[in-house]
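Got the viewer open? Let's walk through a few selections and see what turns up at each stop.

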Amino acid sequence: MSTAMNFGSKSFKPRAPDKGSFPLDHFGECKDFKETFMKCLRDNNFNNSQCRLQSKDYLECRMNHQLMAQEPLEKLGFRDLMDPPPNQADKDAKP
């Protein structure tokens, strides 16, 4: 009696995950941003909420150098760090 199963009828087609996987920065294009972010983490006992601006800058650098897919920063959780659109800023300033 054979215990081997025949999986020949279906083929597995691997695909990259939607998020969480991106190319390494082999040329160090964003090294300074990464180092600034990592220093902030070390200085703040790895409390990442204290380093959100550095994290945003690092991710922007990665997107600008095609080291990760372009995503709106609002989708990455940085809505509160974004500058309001000019017309919105005018509305907020009026009494």
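Start by selecting K75 and E71: their side chains form a salt bridge (a Lys or Arg side-chain nitrogen within 4 Å of an Asp or Glu carboxyl oxygen), with the closest N and O atoms 3.6 Å apart. K75 is exposed at 59% relative accessible area, whereas E71 is buried at 17% (buried is under 20%, exposed over 50%, partly exposed in between, with a 1.4 Å probe and protein chains only). Next, pick K56, D57 and E60, which salt bridges with shared partners join into one network. The whole structure has 6 salt bridges.

A word on what you're looking at: this is a predicted model, where local features need pLDDT of at least 70, side-chain atom pairs need 80 or more, and totals for chains, interfaces and linings use all residues. Numbering runs from 1 along each chain as its sequence is written, and side-chain values use heavy atoms, without hydrogens or water.

Now jump to helix α1, residues 31-43 (helices are DSSP runs of H or I, at least four residues, numbered from the N terminus). Which residues of α1 are buried? Select F37, C40 and L41. They cover an arc of only 100° around the axis (taken from the directions from the axis to the C-beta atoms), so they sit on the same side of α1. These buried residues pack against α2 (52-64), contact meaning heavy atoms within 4.5 Å.

Flip to the other side of α1 for D32 and D43, both exposed. D43 also forms a salt bridge with K39, at 2.6 Å between the closest N and O atoms.

Last stop: N45, which follows α1 and has a positive phi, near 50°.

Technical notes:
Helices (H or I, at least four residues) and strands (E, at least two) are DSSP runs, numbered from the N terminus. The expected span of a helix is 1.5 Å times one less than its number of residues.
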